[in-house]
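User: I'd like to learn how to read a model like this one, feature by feature. Can we go through it together?
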Amino acid sequence: MKVKAWQISLTIALLSLGFLLSVQFRTQQVMVNDLKMQKTDDLLAMVKKLYEKRSDLIHDLWDLRGRERNFEADKVEGKALSESMQQEYTDLQIASGVVDIEGPGITISLPPRSGNQYYYYQDVAFLANELFNVNAEAVAINDHRVITTTAISEDNSSQKITIDGEPLDEPIVVKAIGDPESLKAVSIAGGYVDRLKIEFNIPLIIKEEPNLLIPKAGHTTYFNYAQETKE
Amino acid sequence: MWLPLLGLLVGLLLGQVFAFTIPLAYAKYLSVAVLASLDSVFGGIRGVMEDHYDSSILLSGFFTNALLAAGLAYIGDRIGVDLYYAAIFAFGVRIFQNLAIIRRHILTRIFPKKQDKSTDKEGIVVEG
C-alpha cells in the first residue's frame, strides 16, 4: 500500500489532536472535581445542601447526647439499686442466720455449776435478750446461733437446757457480735448480768474479743404461709 | 485511510501515558485550542474528500489556529472581552458545516446512484 502525502500530514494533525484531547479530558476531569471551577449557582446549591445537612446532624447530635445522658442516669440509678439490694440481701442473710459471720464483740462465760445448783433456761434466754438489748447484731450460745425462731427451753425429764431441742452442755459461752462499747453495757448495774453476779453469785466472765466467729444457724426460716399485707 | 485513525489512537495513548495536566487557570484556553484543532482536522478531511487537500494548509492551520484561538481567548480575558465565546461560536459553526459536507461526500461514495439522481434533479445538494 502506497502512503500518500495527505495521509502523513493528516496523521500528524490527528496525532496532535489525540494528544490534546487526552490532555483536555484529564484537565476537565480535575476541573469538575475542583470547587474553584464550579459555577456560582452550583456552589450556592451545594452550600445550602451542606447547611441543611449540618443542621440535621447537629439535631441528631443533640438527640443522641440527650439519650446518652438518660442512659448514664439509668446506669447510675441501676447501680445504686443493685448495690442497695446487695446490701439488703447480705443483711438479711446475716439476720436469718444462713451464713457464718465474724466480727468484734464480747463473750460471756458461765462457769459450770456444782451440787444442786444449775442454770435455768430463762438465764440463757434473758442473757440473749439482754445482749440484743445492747445492740448485739448476732448472738450464739455455745455456737448455737440465736435467730428469730430459736427455741430456748428445757428438757422435761433431765431438766437440761435445750436450744432447738438440743441439750446445752456446761460451761455455757454466749457470744455476741456488735459494737464492743455498746455491748459492754450488758453488765450495767441492775441488768440481768449484774443480777446473776450479785444475786446468784455466779462468777461469769465478760471478755472483749477483736474477732469472733459465729457459725450459721442449724435451721433456716421459711415463709410458706406468711405473706406481706397488701395496702 | 487507516493511518490517520491510527495516528489519532496513538495521540490519545500518548496523552494518557504522559499523564500531563495543565494548570486549571489555563484549561479554558486549551479547550479553545482543542476546538480549533478539531476544526482544522475536519477541514482537512473535507479537503481530502473534495480533492483539493493541501498538507501545508492543514498543518499550518492546525497549529496556528489552535495557538491563535488560545491566545485570543487569553487576550480577551485580559482586556475584558469574552473572545472565548467568539472562538467557540466560529469554530463550532465551521465544525458542523464541515461535518455536514463530509457526511454528504461519504453518502455519495456509498450510494453513488441514488445520490447522483438527487443531485441531477435538484442540480445542487442543499442541506437543510
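User: Let me start with a side chain: is Glu72(A) buried, partly exposed or exposed, and why?

Analyst: This is a predicted model, so keep that in mind throughout. The idea is to look at relative accessible area: under 20% is buried, over 50% is exposed, and partly exposed is in between. Glu72(A) has a relative accessibility of 41%, so it counts as partly exposed.

User: Which residue does the side chain of Glu72(A) meet in a salt bridge?

Analyst: That's Lys75(A), with an N to O distance of 3.6 Å. Both residues sit in helix 2 (residues 40-95) of chain A, three residues apart, which is about one turn of the helix. Lys75(A) is exposed because its relative accessible area is 56%.

User: And what parts of chain A does the pair Asp143(A) and Lys175(A) tie together?

Analyst: Start with the distance: the closest N and O atoms of Asp143(A) and Lys175(A) are 3.0 Å apart, and the two form a salt bridge. Asp143(A) is in the loop between strand 2 (138-141) and strand 3 (144-146) of chain A, while Lys175(A) is in strand 7 (residues 172-177) of chain A, so the pair ties together parts that are 32 residues apart in sequence. Check accessibility too: Asp143(A) is partly exposed at 41%, whereas Lys175(A) is buried, with a relative accessible area of 17%.

User: How many salt bridges are there over all chains, and how many between chain B and chain A?

Analyst: The count over all chains is ten, and between chain B and chain A it is zero. Among other cases in chain A, Lys207(A) forms a salt bridge with Glu209(A), their closest N and O atoms being 3.8 Å apart. Lys207(A) is partly exposed, with a relative accessible area of 47%, and Glu209(A) is also partly exposed, at 21%. There's a network as well, linking Glu181(A), Lys184(A) and Glu208(A).

User: Now the interface. What area is buried between chain B and chain A?

Analyst: The size of an interface is often given as the accessible area lost when the parts come together. Here the area buried between chain B and chain A is about 2,900 Å², with carbon and sulfur atoms giving 79% of it. Leu3(B), Pro4(B) and Leu24(B) supply 19% of what chain B buries against chain A, more than any other three residues. If you prefer contacts, 35 residues of chain B touch 27 residues of chain A.

User: Let's move to helix 1 of chain B. What span should its 17 residues have?

Analyst: Use 1.5 Å a residue: the 17 residues of helix 1 (residues 2-18) of chain B should span 24 Å, and the end C-alpha atoms are 24 Å apart, which agrees.

User: Which residues of helix 1 of chain B are buried, and where do they fall around its axis?

Analyst: Pro4(B), Gly7(B), Gly11(B) and Gly15(B) are buried. Looking down the axis, the buried residues of helix 1 of chain B fall within an arc of 70°, so they line one face of the helix. The face turned away from that buried side carries the exposed residues Trp2(B), Leu6(B), Leu9(B), Leu13(B) and Val17(B). As for what covers the buried residues, it includes helix 1 (5-32) of chain A. Just after helix 1 of chain B comes Ala19(B), which has a positive phi, near 45°.

User: What's the overall pattern of chain B along the sequence?

Analyst: Chain B reads α-α-α-α-α, with five helices and zero strands. Of its 128 residues, 32% are buried. Among contacts in chain B between residues at least 6 apart in sequence, 72% join residues at least 24 apart. One pair to find is Tyr26(B) and Tyr74(B), 48 residues apart in sequence but 8.6 Å apart in space, C-alpha to C-alpha. Tyr26(B) lies in the loop between helix 1 and helix 2 (27-50) of chain B, and counts as partly exposed at 43% relative accessibility.

User: Last one: where in chain B is confidence lowest, and where is it highest?

Analyst: Where pLDDT is low, the predicted coordinates should not be read in detail. In chain B, confidence is lowest in helix 5 (residues 112-122), at a mean of 53, and highest in helix 4 (residues 83-110), at 90. The mean pLDDT of chain B is 83, with 87% of its residues reaching 70 or more. For the complex, the predictor gives an ipTM of 0.77 and a pTM of 0.47.

Terms used:
Residues numbered from 1 in each chain as written. Chains lettered and ligands numbered in written order. Predicted model: local features only at pLDDT ≥ 70, side-chain atom pairs only at ≥ 80, totals over all residues. Heavy atoms only, no water. Helix = DSSP H or I, 4+ residues; strand = E, 2+ residues; numbered from the N terminus. Expected span 1.5 Å × (residues − 1). Buried < 20%, exposed > 50% of the residue type's maximum accessible area, 1.4 Å probe, protein only. Arc of directions from axis to C-beta. Contact = heavy atoms within 4.5 Å. pLDDT = per-residue confidence, 0-100. Buried area = accessible area lost by both parts, 1.4 Å probe. Salt bridge = Lys/Arg side-chain N within 4 Å of Asp/Glu carboxyl O.
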